[in-house]
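Dear colleague,

I am passing on the structure we spoke about, and below it you will find my notes on what I found. Please keep it open beside you as you read.

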Amino acid sequence: MSQAVLEPDAAAARGMDLLRFATAGSVDDGKSTLIGRLLYDTKTIFEDQLEAVETASASRGDEYTNLALLTDGLRAEREQGITIDVAYRYFATPRRKFIIADTPGHIQYTRNMVTGASTADLALILVDARKGLVEQSRRHAFLTSLLRVPHLVLCVNKMDLVDWDKAVYDRIADEFTSFAAKLDAPDLTIIPISALNGDNIASRSDKSPWYEGSSLLHHLEHVHIASDRNLVDTRFPVQYVIRPQSTTVTDYRGYAGQVASGVLKPGDDVMVLPSGMTSKIASIETADGPVDEAFPPMSVTVRLTDEIDISRGDMICRPNNAPAAAQDIEAMICWMDETAPLRVGGKYTIKHTTRTARTVIRNVQYRLDVNTLHRDEAAGELALNEIGRVKLRTTVPLLADEYRRNRTTGGFILIDEGTNRTVGAGMIIEAR
Amino acid sequence: MSQTKPYRVSHLDALEAESIFIMREVMAEFERPALLFSGGKDSIVMLRLAEKAFAPGRIPFPVMHVDTGHNFPEVLEYRDRRVATLGLNLVIASVQEAIDTGLVRELPDGTRNRIQTPVLLAAQEKYRFDALFGGARRDEEKARAKERMFSFRDEFGQWDPKNQRPELWSLYNGRHHPGESIRVFPLSNWTELDVWHYIAREDIPLPSIYYAHDREVVERNGMFYAVNEFIKLRDGETSEVRRVRYRTVGDASQTAAVLSEADTVDKVIDEVAATRITERGATRGDDRVSEAAMEDRKREGYF
């Protein structure tokens, strides 16, 4: 492999920011090789890890060092040559720290991809230049748009195997661009690469003089994510009430939580849901002292000028910009339980922001075929890895926004009341 | 809303905010959480995050030390000082005591990493802790890369990697039946370098053995072990005084030092940024047993 070109600089690291991205694809697309290449080129693979992988590769009879073994950590995965679960990987350059949610392309693909995409700023999809777009590429693009991942990168991999033919790249790029347009897909970037040889990964390759964009790593380092966050709608789900029982701190009452969206400032008029009571922000505090403003994803403690009864699960917002307080919810639901399907009449625990309630499934309007986007209105239920539009009724109002406007106050999970397992993920379309 | 203002959050601030969110979530949803505190740098950072999460109140849960009896004196002294300063309730789960009462049996090789798991589980049951914070990070080891923030454990404390709850957005599912529990890993997304940057930024004191010092050591399998009451010279071995520091702090009979001149936090950061060996690979005899050593121990209930 070529020598690494970038290395986290100890002194510069303090000012860098954080980008989370999800990768999707199967082993055949070269996804593990690409991740191995990113880790290698940023000096994140350590010698003992590389040695362990070389030993394991040799004992399996692999002809080359199988970088997939770096990411497949569990015994069953190594034995069966598959990836069971989402694996998280970390690397950094002087500009950014990266968290990769590496999701397998085959088994449990939808559940894992939805999980990885839920927190991602960017999704990276790979296709094999020789094969072009396949069903799986479209499915991954669809899930990326469903989860509202703000940035999408398509890597056309194995360009070395098509002699860096611009026509091959153009055909795949055109086809994907027109497909993505139908999906209301986010910001799209397409990059021709060879993960195996490292072309257009850490730096621009001279093999593709016709390609005028940036290398993958340059793009990951520079893609603008600060404005992806919703800074308009003030939403502060109350997580925990801090009321120290101590002789040194008396009469203290603060509402702790993580800002979901918008910007909070001392002096702001606020409304608290579900009570509808209004007050003003007296101060915004952290353990390091008060702050002038709070925005996502800061964890802070908000104090109000009035004594109002507020508890976990309540929402602090602005009087003129509030979420719905809704018991009737329509949502796209991805079902994640292999033991039983989602059924009409089924009752579940629902967790939404910091609020937990019970819910009943009113109806399944349709099931969506994630490959063809065909809607099956006769479905009636959702099995593992199926996605559909569902109506629910909750025992208490959820303080909710549309998912497309707010990924934090628009998402929820369903929990089986018997097994306690997380069985579904929901993205709210309408709340009333 | 004006878009001219960046509203930028540094990666350390983002990690801190996430960890604080997780700790508050546990405090809100569980009845009896406790924090596993070894006196190692990760649990020290976790304790600082707990201070921040509940300020100006005190940390509202006890800390538990699973004490293998093979300790570095500097670490025990640090533990007791921190606990006193923060006014914490310290629970000690003693492996020696468990050996004395017959709960576990000393292994022929005298190592205690494996037998600390039943001791941890017995203490958890005795005090009915339903959530235990651990300082494990996903970058440490390949089995840990697949861990959840909220890791469900059955009534035997076992981890089942094929049966993990999906974690979406920041919606963590801590539901469990009586006897079952959740291990919580607020530092999941931190790397070794992030931890050191945070220690520097927050000016967090550490046990002195994390910084370069002269120590009598013996070299085994390329690792440098301190010669002390737990590690005696074998026939044919010779010891020497070398400039070393500890990159991890575990059982004193299993944890090796690395050669180092880094005697300040900034020098340690430079060293960690340039190192080419993982911290566990460089310092932990217990992880060298097999390719899946950590996975096996986690399945048994190790954190």
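In this predicted model, a good place to begin is chain B, where helix H6(B) passes helix H7(B) in a left-handed crossing. The axes of these two helices, H6(B) and H7(B), come within 10 Å and cross at roughly 165 degrees; since angles over 145 degrees count as roughly antiparallel, H6(B) is therefore roughly antiparallel to H7(B). On the H6(B) side the contact is made by B:Glu192, B:Leu193, B:Trp196, B:His197, B:Ile199 and B:Ala200, while H7(B) brings B:Val265, B:Asp266, B:Val268, B:Ile269, B:Val272 and B:Ala273. Sorted by class, this contact of H6(B) with H7(B) has 9 nonpolar, 1 polar and 2 charged residues.

Turning to where the chains touch, the contact takes 60 residues from chain A and 58 residues from chain B. On the side of chain B that touches chain A, the elements giving two or more residues are helix H1 (11-29), helix H2 (41-54), helix H6 (192-202) and helix H7 (265-274) of chain B, and the largest share, 10 residues, comes from H1(B). By class, that side of chain B has 25 nonpolar, 13 polar and 20 charged residues.

Lastly, in chain A, helix H2 covers residues 47-60, and because each residue adds 1.5 Å, its 14 residues should span 20 Å, which agrees with its end C-alpha atoms being 20 Å apart. H2(A) is followed by A:Gly61, which has a positive phi, near 80 degrees.

With best wishes

Note on methods:
Residues are numbered from 1 along each chain as its sequence is written. Chains are lettered from A and ligands numbered from 1 in the order in which they are written. This is a predicted model: local features need pLDDT of at least 70, side-chain atom pairs count only at pLDDT 80 or more; totals for chains, interfaces and linings use all residues. Two residues are in contact if their C-beta atoms, placed from the backbone, lie within 7 Å. Helices (H or I, at least four residues) and strands (E, at least two) are DSSP runs, numbered from the N terminus. Ala, Val, Leu, Ile, Met, Phe, Trp, Tyr, Cys and Pro count as nonpolar, Asp, Glu, Lys and Arg as charged, and the others, Gly among them, as polar. The expected span of a helix is 1.5 Å times one less than its number of residues. Axes are lines fitted to C-alpha atoms, for helices over the stretch in contact, and angles run from 0 to 180 degrees between N-to-C directions. Angles under 35 degrees count as roughly parallel, over 145 as roughly antiparallel, 65 to 115 as roughly perpendicular and the rest as oblique. A crossing is left-handed if the near helix is turned anticlockwise from the far one by less than a right angle, and right-handed if clockwise.
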